[in-house]
Amino acid sequence: MVKKWKQKMRDKLRVLGLELLNANLTIGTVEHCTSGLLGASISSMCGLSTVYGGTIVTVDADHMEKMLEVSHNLFKNNGLVSSQAACQMALNGIYKLNVDVCVAVVGNVVPPMAADEDSDNMVWICVATLNDKKVDFKYSKINVDGLRGQNIETAINEALNVTIGEIKRMAVEE
C-alpha cells in the first residue's frame with residue numbers, strides 16, 4: 001500500500017514539475033497540518049529546485065499572525081481551520097516567498113478519537129495563483145477520518161490535485 005502511494009505521489013510530482021516548467025512558473029507552500037511535507041515532497045524531485053521557492057510552516061494562529069501576517073480578526077471570526085485562513089495564507093505566501101503559485105494547507109488531521117469531541121477533522125487547501133498582478137484562488141475542503149499519517153497523505157494528495165488543475169487552467173488561459 002505504501003509503495004503504491006509513493007509511486008502515485010512521484011507520478012503526480014512529475015506532472016506538477018512538468019506543468020510548472022512548461023508554464024515557467026514558480027511554486028511555494030505554506031503549511032500548517034502537513035508540517036512542511038508537501039514542500040519537502042516537491043523539493044525532493046530532481047529538477048524542481050529551479051521552480052521551488054520554499055515553504056513556511058506554521059504551527060498555530062500566533063505563528064500565522066507573525067510569519068504570514070494573517071489577521072487575528074480572521075481567526076476570531078472564522079477560526080484557524082477555515083477557507084478564509086487558507087486563502088489568506090496562500091495570498092501572503094505568494095509575496096513572502098516571491099512565487100507565482102502558493103499552496104496553503106490548514107487543518108486538523110489528528111485521529112477522531114484523539115480530537116476534541118467538538119472538533120471537525122477537516123483540511124482546507126487553497127491554491128493562490130499570481131498572473132499579471134491578479135491573484136486567483138481555488139480552494140478545496142476535505143474531511144479526514146484516518147490515522148494522522150493517512151490524513152496527511154490525503155491532504156497532500158488533494159493539494160497536488162488542486163495545484164496541478166490550477167496550473168493547467170492558467171496555461172489554457174494564456
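# Exercises on a predicted model

Methionine 45 touches Arg10, Leu13 and Arg14, leaving aside residues up to four places away in sequence. The model is predicted, and the exercises below start from this residue.

## Exercise 1: Methionine 45

Task: Find where methionine 45 lies and decide whether methionine 45 is buried or exposed.

Solution. Start with the place in the chain: methionine 45 belongs to the loop between α2 and β2. Next take the accessibility. The relative value for methionine 45 is 14%, and buried means under 20%, so methionine 45 counts as buried. Last, look at a residue from another part of the sequence. Glycine 17 is 28 residues apart from methionine 45 in sequence, while their C-alpha atoms are 8.2 Å apart in space.

## Exercise 2: The chain as a whole

Task: List the elements of the protein chain in order, and check the radius of gyration against that of a compact globule.

Solution. The protein chain has six helices and five strands. Read from the N terminus, their order is α-β-α-β-α-α-α-β-β-β-α. For the check, the chain length is 174 residues, and a compact globule of that length would have a radius of gyration near 16 Å. The protein chain has 15 Å, which agrees. The C-alpha trace spans about 45 × 40 × 25 Å along its principal axes. Two further values complete the description. Buried residues account for 47% of the 174 residues. Of the contacts between residues at least 6 apart in sequence, 62% join residues at least 24 apart.

## Exercise 3: The sheet

Task: Give the strand order of the sheet and explain why β2 and β5 each have one side without a neighbour.

Solution. The five strands form an open sheet in the order β2-β1-β3-β4-β5, and the pairing is mixed. In this order β2 (52-57) and β5 (134-143) stand at the edges. Each has a single partner strand, so one side of each is left without a neighbour in the sheet. From one strand to the next, the twist averages 15 degrees.

Now take one pair of strands. β3 (residues 101-107) and β4 (residues 122-131) run antiparallel and are joined by seven bridges. For valine 105, the bridge partner in β4 is isoleucine 125. A helix also meets the sheet: α2 (residues 37-44) lies across β1 (27-31), β2 and β3, and runs at about 155 degrees to β1.

## Exercise 4: Two helices

Task: Compare the expected span of α6 with the distance between its end C-alpha atoms, then do the corresponding check for α5.

Solution. Helix α6 covers residues 148-173, which is 26 residues. At 1.5 Å a residue α6 should span 38 Å, and its end C-alpha atoms are 38 Å apart, which agrees. Among the buried residues of α6 are Asn151, Ile152, Ala155, Glu166 and Met170.

Helix α5 covers residues 83-97, which is 15 residues. The expected span of α5 is 21 Å and its end C-alpha atoms are 21 Å apart, which agrees. The buried residues of α5 include Ser83, Cys87, Met89, Asn92 and Leu97. After α5 comes asparagine 98, with a positive phi near 55 degrees.

## Exercise 5: The aromatic pair

Task: Classify the aromatic pair of the structure by its ring geometry.

Solution. The structure holds one aromatic pair. The ring centres of tryptophan 124 and tyrosine 139 are 5.7 Å apart, and the ring planes stand at 55 degrees. Planes under 30 degrees apart count as stacked and over 60 as edge-to-face, so this pair is tilted. Tryptophan 124 lies in strand β4 and tyrosine 139 in strand β5, so the pair ties together parts that are 15 residues apart in sequence. Tryptophan 124 is buried at 14% relative accessible area, whereas tyrosine 139 is partly exposed at 46%.

## Exercise 6: Positive phi

Task: State where asparagine 24 and glutamate 69 are found, and whether each is buried or exposed.

Solution. Begin with the background: most residues other than glycine have a negative phi. Asparagine 24 is not a glycine, yet its phi is positive, about 55 degrees. Asparagine 24 sits in the loop between α1 (2-23) and β1, and at 68% relative accessibility asparagine 24 counts as exposed.

Glutamate 69 also has a positive phi, near 55 degrees. The loop that holds glutamate 69 is between α3 (61-68) and α4 (72-78). With 54% relative accessibility, glutamate 69 counts as exposed.

Notes: Residues are numbered from 1 along each chain as its sequence is written. This is a predicted model: local features need pLDDT of at least 70, side-chain atom pairs count only at pLDDT 80 or more; totals for chains, interfaces and linings use all residues. Side-chain values use heavy atoms; hydrogens and water are left out. Helices (H or I, at least four residues) and strands (E, at least two) are DSSP runs, numbered from the N terminus. The expected span of a helix is 1.5 Å times one less than its number of residues. Buried means under 20% relative accessible area, exposed over 50%, partly exposed in between (1.4 Å probe, protein chains only). Two strands pair if DSSP finds at least two bridges between them. Axes are lines fitted to C-alpha atoms, for helices over the stretch in contact, and angles run from 0 to 180 degrees between N-to-C directions. Contact means heavy atoms within 4.5 Å. Rings of Phe, Tyr and Trp (its six-membered ring) pair if their centres lie within 6.5 Å; planes under 30 degrees apart count as stacked, over 60 as edge-to-face and the rest as tilted. The radius of gyration is taken over C-alpha atoms; the globule rule is 2.2 Å times the number of residues to the power 0.38.
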